[in-house]
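User: I would like to go through this model by asking, for each label put on it, what value stands behind that label.
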Number of protein chains: 2
Amino acid sequence: MFKVLKKSKKTKARITSLSTAHGKIQTPIFMPPATRGFLKSLDSIDINNTNSQIVLVNTYHMLLKPGDKYIKKYGGIHSFMNYSKPILSDSGGFQIFSLKKMVKITEDGALFKSPIDGTEHFITPEKSIQIQHNLGVDIVMAFDECMQDSYTKEEAIISTQRTYRWLDRCIKEHKKLNKKNKTSRLFFGIVQGGLFKDLRIEGLNIVASKDVDGIAIGGETIGNNMEKTKEILEWLYPYFPKNKPIYTMGVGGSPQDMIDVSIRGVDMFDCVAPARIARHGNLLVGKLNKKTFKIESNFKDNRLRISNQEFISDKKPVEKNCNCFVCKNYSRAYLRHLFISKDPLYSRLATFHNISYCQQILNELKENIKNE
Amino acid sequence: MFKVLKKSKKTKARITSLSTAHGKIQTPIFMPPATRGFLKSLDSIDINNTNSQIVLVNTYHMLLKPGDKYIKKYGGIHSFMNYSKPILSDSGGFQIFSLKKMVKITEDGALFKSPIDGTEHFITPEKSIQIQHNLGVDIVMAFDECMQDSYTKEEAIISTQRTYRWLDRCIKEHKKLNKKNKTSRLFFGIVQGGLFKDLRIEGLNIVASKDVDGIAIGGETIGNNMEKTKEILEWLYPYFPKNKPIYTMGVGGSPQDMIDVSIRGVDMFDCVAPARIARHGNLLVGKLNKKTFKIESNFKDNRLRISNQEFISDKKPVEKNCNCFVCKNYSRAYLRHLFISKDPLYSRLATFHNISYCQQILNELKENIKNE
């Protein structure tokens, strides 16, 4: 069940609630990717402690290692990860189409070779949905072709039309499996269309007309090129169905990006960047300005480069306004020492901070909407 | 203050209590090395949760990175690590003498080149003690020459005599600093003597005659060659002063080694092995047999090789009798998946289990002594 709890009067942001088999999530929400069934250095207790409400796992990666049949045999991904909150899986489309030369698309599906062991896999829309049901996730994503920006109009039309034909097959398989297994997994369709306004709007209307629990906006541009992402959201906003969650796939390269899509009517987003930049020594800082919706700090790009010599005996936490376990317990000096010593503990603490920080910024946004 | 709480009637094991500036520790005790100010993947809260009572930091490593002057400026190693329990530092002797060709020993001390940046460091007994006081540890170790087994009797005599002359200089510097800084750090002397029975006994008597708070037994053999280690302990046991803790340096390659020295009258020991083998995929299992004092399991060397295919969907914990957070929350299948996926989370969970397991085995030994 999806409920709009409050709409901002100042922006298009809203607070909503979505019920899943593993509990409710409240949006706007950042869904950190636990790509391979773990969130890069964080265990499930850590994930909960970052105030994350849901994580994303990756169909493609779980198919290759350890294999969805083992996860099914185990009793599902929640049990495997010892994680009791909602889990969303992407359909594998993004990763498979990233293989480019190693993938062959037909009307029936996509043939690709595993970069791990060279074995051939043929993924159809039905197969992708089966894998996601085997994993046992709460939100299943449609199997689509993640469209590149370089596509000509003609190529884009061929690709999107196939994606929406696949959508019907996904929905059919999803309903069949939910019925057969007596489960109540949710299903999201995905809007493609690249940089073509008419294709994007048409796509949204097609997806919104189907029996879907949420609408995702995908493609190479989304999250990757934030100016274009914002433009696409301006095109689509008038056509958003108000009774379904909207999810931009791959948005969140910075917390500012999360705010930027939230105030344009988006409810959900995921991105590997906060965890990845953490591992590379960039820790998120800054405070949300309630009037401008800009995150502000004394650091360039609101990132503290922890390797800097200036932090060698700096007893301050990474971000003084942050309530996370890392900022409450450890200093910049200690994190710098862990980073230059290349200990896995650095990876954990840095990832923990960056994920927590993103959730905190979104909680601030929610508080602002509540207090309007 | 040191107190013997209970002596075993069946073995030479005993339960003792040692008070330090950061609280009491109860022996027999395994002190996991937090060599560079962190316990390989574990933060200070994790360390507490493994039921470790004290950790060891390394003077040599902290001198090179970040430098003891920064730790002093910061307010000490406890504050830097956010760790409030006792900390012991080794003197750096072991690491410096491991550099072999890069070190030159004189009566005054040891000259060596940093393997990090090639800078020359001259460490005297006084300097080692100063660094340890700068770090702000609870137990300071004497600066000694860690003797190799290959020494001739003549070389061994020259080395041990110098080590005990250095001991006097260490004690003098230690007392001076404790007085000057109004601290009450403890000081342990170190017995050397290699494989020579007369030198070992003579060394023990010399160290025991000095104003030391504990007696350590060092050298290449100790922990490295357990048969010889046990033999040396048989030689020395009759001469152990009963009112001081006995510490074998570098013992604990396996939990069995910890039991083996405990039942030969040793109170304290440290070893990097439990954490190191964890990272390499070896997880400790087995139960202590109360009669034979042997750890028993179905696995070779009481080590479960987590990479084995047989664990791919094994829902059991690593060790069913283990109460640690990892065994309570995660399965062999999940740990195997993390290991083959090379995620830092594996390193944390594996290290956590192995350290917790060692503490648990020692707690079992203590319970046995209490219930005799």
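User: How many residues does the contact take from chain A and from chain B?

Analyst: In this predicted model, the contact takes 31 residues from chain A and 31 residues from chain B. On the side of chain A that touches chain B, the elements giving two or more residues are α3 (68-74), α4 (77-81), α13 (332-340) and α14 (344-370) of chain A, and α14(A) gives the most, with 5 residues. By residue class, that side of chain A divides into 15 nonpolar, 8 polar and 8 charged.

User: What makes chain A as compact as a globular protein of its length?

Analyst: The secondary structure of chain A comes to 14 helices and 18 strands. Its radius of gyration is 20 Å, and the globule rule gives 21 Å for 372 residues, which is close, so chain A is as compact as a globular protein of that length. Along the principal axes, the C-alpha trace of chain A spans about 60 × 50 × 40 Å, and buried residues make up 55% of the 372 residues.

User: Why is Thr35(B) called buried?

Analyst: Thr35(B) has 21 C-beta neighbours inside 10 Å, and a residue is buried if 20 or more other C-beta atoms lie within that distance, so Thr35(B) counts as buried. Its place is in the loop between β4 (29-30) and α1 (44-49) of chain B, where, leaving aside neighbours within four places in sequence, Thr35(B) is in contact with Val57(B), Asn58(B) and His61(B).

User: Is Lys342(A) buried or exposed, and how do you know?

Analyst: Lys342(A) has 8 other C-beta atoms within 10 Å, and the label exposed applies at 12 or fewer, so Lys342(A) is exposed. Lys342(A) lies in the loop between α13 and α14 of chain A, and its phi is near 55°, a positive value in a residue other than glycine.

User: What makes Asp301(B) partly exposed?

Analyst: With 15 C-beta neighbours inside 10 Å, Asp301(B) falls between the limit of 12 or fewer for exposed and that of 20 or more for buried, and therefore counts as partly exposed. Asp301(B) is placed in the loop between β17 (295-296) and β18 (303-305) of chain B, and has a positive phi of about 60° although it is not a glycine.

User: Why is Arg169(A) called partly exposed?

Analyst: Arg169(A) has 18 other C-beta atoms within 10 Å, and because a buried residue needs 20 or more while an exposed one has 12 or fewer, Arg169(A) is partly exposed. Arg169(A) lies in helix α7 (residues 153-181) of chain A and, not counting residues up to four places away in sequence, touches Pro125(A) and Glu126(A).

User: How is the packing of α6 against α7 in chain B described?

Analyst: Two packed helices are described by the angle between their axes and the distance between the axes. Helix α6 (residues 125-135) and helix α7 (residues 153-181) of chain B pack at an angle of about 35°, with their axes 8 Å apart, and α6(B) passes α7(B) in a right-handed crossing. Among the residues that meet are Ile129(B) and His133(B) in α6(B), and Trp166(B) and Leu177(B) in α7(B). The residues of this contact divide into 5 nonpolar, 4 polar and 3 charged.

User: Where is a cis peptide bond found in chain A, and what is its omega?

Analyst: The cis bond joins Thr27(A) and Pro28(A), with omega about 5°, and Pro28(A) has its place in the loop between β3 (23-27) and β4 (29-30) of chain A.

Terms used:
Residues are numbered from 1 along each chain as its sequence is written. Chains are lettered from A and ligands numbered from 1 in the order in which they are written. This is a predicted model: local features need pLDDT of at least 70, side-chain atom pairs count only at pLDDT 80 or more; totals for chains, interfaces and linings use all residues. Axes are lines fitted to C-alpha atoms, for helices over the stretch in contact, and angles run from 0 to 180 degrees between N-to-C directions. Helices (H or I, at least four residues) and strands (E, at least two) are DSSP runs, numbered from the N terminus. A crossing is left-handed if the near helix is turned anticlockwise from the far one by less than a right angle, and right-handed if clockwise. Two residues are in contact if their C-beta atoms, placed from the backbone, lie within 7 Å. Ala, Val, Leu, Ile, Met, Phe, Trp, Tyr, Cys and Pro count as nonpolar, Asp, Glu, Lys and Arg as charged, and the others, Gly among them, as polar. The radius of gyration is taken over C-alpha atoms; the globule rule is 2.2 Å times the number of residues to the power 0.38.
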